[in-house]
Amino acid sequence: MKPIQKVKQVKKWGREFLYPKKPSGKLYTYRKWVSYVLLACLFSFPFVKYNDEQLVLLNFIERKFVFFGLIFTPQDFYLFALAMLIMLIFIVCFTVVLGRLWCGWVCPQTIFMEMVFRRIEYWIEGDANQQKKLDAQNWTREKILKKGFKHFLFLCISFTIANTFLAYLIGSDILYKIITEPVSLHISGFLSIWLFTFIFYGVFAYVREVVCTVICPYGRLQGVLLDNQSLIVVYNEKRGEPRAYLQKNNIDLTKGDCIDCGLCVQVCPTGIDIRQGTQLECVNCTACIDSCNEVMLKINKPANLIGFYTQDFIQKQKPYKLGIKAYGYAAVLFVVMLVFFSLIYKRQDVQTTVLRASGILYQTHEDGTVSNLYNAELINKTNKAIKFKFRSANSKDEIKFIQAPETLAKEGTTHLTFFLTKKPENIDAYKSDVEFEIVADGKVISTAKTSFFSQP
């Protein structure tokens with residue numbers, strides 16, 4: 001078998017472009033199905049309604065976040081921050097165990113680049129060598145049609161991604177108004193759609209793998225996160241070296257299994273040679289595993305010369321097992337998730353804050369009763385209006401309202417001003433705790449505590 005020539009980088013638009021060979025194989029098929037599921041989720045979540053809210057909303061402008069029916073207001077920012085912390089710890093824990101598999105299989109940048117834009121490129125322009133020849137030739141009718149059609153589709157897909165992205169940020173209902181109503185009513189929204197369209201188009205048509213190899217900081221964290229017990233895509237150099245071209249009727253048992261065909265380099269979307277060891281540019285897409293396994297099958301050699309291995313296995317033949325670092329991160333993740341879900345469980349649909357009015361300590365009346373003046377703020381965290389009743393948890397106390405709305409608008413806020421009056425026989429200390437309840441449909445949906453001052 002003659003060695004296959006490597007596809008070189010070609011300088012275009014001021015930088016060297018890569019022409020990765022179209023991958024195929026079992027792992028690539030699995031990646032495609034994972035990508036289809038994730039893309040379906042990405043494009044459907046902003047437009048599917050649950051409890052009159054879209055499934056996922058990340059409205060940073062209005063500080064409103066929705067996750068599968070749960071609405072988080074600015075008062076719940078600590079929960080949002082905790083959720084982001086969980087996501088960060090999960091990625092760290094995932095990396096310690098499975099390397100940079102997140103980048104190659106789940107990251108939106110990789111999914112769109114390799115499973116959408118790159119496949120369109122293969123469909124229109126052909127495989128790597130055909131793309132290279134097309135770029136090198138003069139501007140003929142064929143080249144103009146192929147390039148024009150490809151970039152037209154790129155723009156259409158980028159436009160779709162931009163609209164979906166905005167649906168997550170501003171809500172699908174507002175996006176629908178921007179699309180259907182006159183442009184003059186939504187100039188900022190219209191400009192935002194086209195701004196994001198050209199950003200996504202630039203990323204996927206020009207910047208490409210540079211996002212993974214230069215812009216994204218995640219690859220540079222591998223040196224800190226990975227250890228000798230992390231599963232990563234790696235070349236088994238002890239089995240593959242020394243390399244030798246395969247020659248007919250000439251079997252050299254002193255040579256390794258690698259025949260230096262170069263396919264693992266040709267299919268790499270970031271242009272690296274996996275045989276040179278772990279590199280930050282490797283996104284663990286597993287394309288090199290598929291291509292190498294095809295060659296091993298043809299030359300009757302065992303599969304997985306390139307595969308998921310740990311450094312301990314490559315160097316010392318130690319079996320795979322989780323290291324102490326992985327257990328440590330997993331324990332931290334479990335504790336943080338436990339705290340997060342306990343806070344979610346205790347979270348009330350209406351947040352109530354009661355504060356004593358400043359400037360007045362307490363008032364003593366002729367009949368001996370003592371009253372304190374309070375201000376209360378009620379925040380509705382649901383998307384439904386709530387008719388409520390405000391009362392003291394102690395039925396012996398009396399409340400006299402100065403300002404007393406009875407309906408709390410959806411996702412709205414209302415204020416109450418009232419006196420709480422206690423009888424002398426119910427007062428036994430200068431400062432005591434009092435509790436208030438918000439009742440709706442016969443159920444207590446929120447409580448708040450504060451202090452009551454009086455002369456015992």
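**Exercise 1. Decide whether Asn284 is buried or exposed in this predicted model, and find what surrounds this residue.**

Solution. The relative accessibility of Asn284 is 3%, and because buried means under 20%, Asn284 counts as buried. The next step is to place the residue along the chain, where Asn284 lies in the loop between α12 (263-266) and α13 (287-298). The last step is to look for its contacts: leaving aside residues up to four places away in sequence, Asn284 touches Leu98, Gly99, Arg100, Leu101, Gly104, Trp105, Ile232 and Val233.

**Exercise 2. Check whether the ends of helix α15 (residues 324-346) are as far apart as its number of residues suggests, and state which of its residues are buried.**

Solution. The helix has 23 residues, and at 1.5 Å a residue it should span 33 Å. The calculation uses one less than the number of residues. In the model the end C-alpha atoms of α15 are 33 Å apart, which agrees with the expected span. Turning to burial, Ala326, Leu333, Val336, Phe340 and Ile344 are buried in α15. The cover over the buried residues of α15 includes β7 (70-72) and α2 (77-98). As background, residues three or four places apart in an α-helix point the same way, because there are 3.6 residues a turn.

**Exercise 3. Work out how strand β12 (residues 370-380) is enclosed and which strands pair with it.**

Solution. Begin with burial: 9 of the 11 residues of β12 are buried, so this strand is largely enclosed by the rest of the structure. Then take its pairings in turn.

- Strand β10 (residues 350-356) pairs with β12 in the antiparallel sense over 7 bridges, and Val354 stands opposite Ala376 in β12.
- Strand β11 (residues 363-364) runs antiparallel to β12 and is joined to it by 2 bridges, with Gln363 opposite Ser371 in β12.
- Strand β17 (residues 413-422) pairs with β12 in the antiparallel sense over 10 bridges, and the bridge partner of Tyr374 in β17 is Phe418.

Finally, consider the turn: β11 and β12 form a hairpin with 5 residues between them, and Gly368 in that turn has a positive phi of about 90°.

**Exercise 4. Locate the nonpolar patch on the surface and name the helices that supply it.**

Solution. The patch is formed by Leu155, Phe159, Val183, Ile187, Phe190, Leu191, Trp194 and Phe198, which together have about 710 Å² of accessible area. Assigning residues to helices shows that α6 (141-170) and α8 (187-207) each supply at least two residues, while the largest share, 5 residues, comes from α8. One of the patch residues, Phe198, is in helix α8, and its relative accessibility of 49% makes it count as partly exposed.

**Exercise 5. Follow the salt bridges of Glu125 and Asp257, and say which parts of the chain they link.**

Solution. The whole structure holds 18 salt bridges. In one of them the side chains of Glu125 and Lys150 meet, at 3.1 Å from N to O. Glu125 lies in helix α4 (residues 108-125) and Lys150 in helix α6, so this pair ties together parts that are 25 residues apart in sequence. Both Glu125 and Lys150 are buried.

Next comes Asp257, which forms a salt bridge with Arg239, the closest N and O atoms being 2.7 Å apart. This pair links Arg239 in helix α11 (residues 237-240) to Asp257 in the loop between α11 and α12, 18 residues apart.

The side chain of Asp257 also meets that of Lys301 in a salt bridge of 3.5 Å, N to O. Lys301 lies in the loop between α13 and β9 (306-309), 44 residues from Asp257. At 13% relative accessibility Asp257 counts as buried, whereas Lys301, at 37%, counts as partly exposed.

Note on methods:
Residues are numbered from 1 along each chain as its sequence is written. This is a predicted model: local features need pLDDT of at least 70, side-chain atom pairs count only at pLDDT 80 or more; totals for chains, interfaces and linings use all residues. Side-chain values use heavy atoms; hydrogens and water are left out. Helices (H or I, at least four residues) and strands (E, at least two) are DSSP runs, numbered from the N terminus. Buried means under 20% relative accessible area, exposed over 50%, partly exposed in between (1.4 Å probe, protein chains only). Contact means heavy atoms within 4.5 Å. Patches are made of residues with over 30% relative accessible area and no salt bridge: like charges are joined within 9 Å, nonpolar side chains (Val, Leu, Ile, Met, Phe, Trp, Tyr) within 5 Å. Accessible areas come from the Shrake-Rupley method with a 1.4 Å probe; for residues, only the protein chains shown count as cover. A salt bridge is a side-chain nitrogen of Lys or Arg within 4 Å of a carboxyl oxygen of Asp or Glu. Two strands pair if DSSP finds at least two bridges between them.
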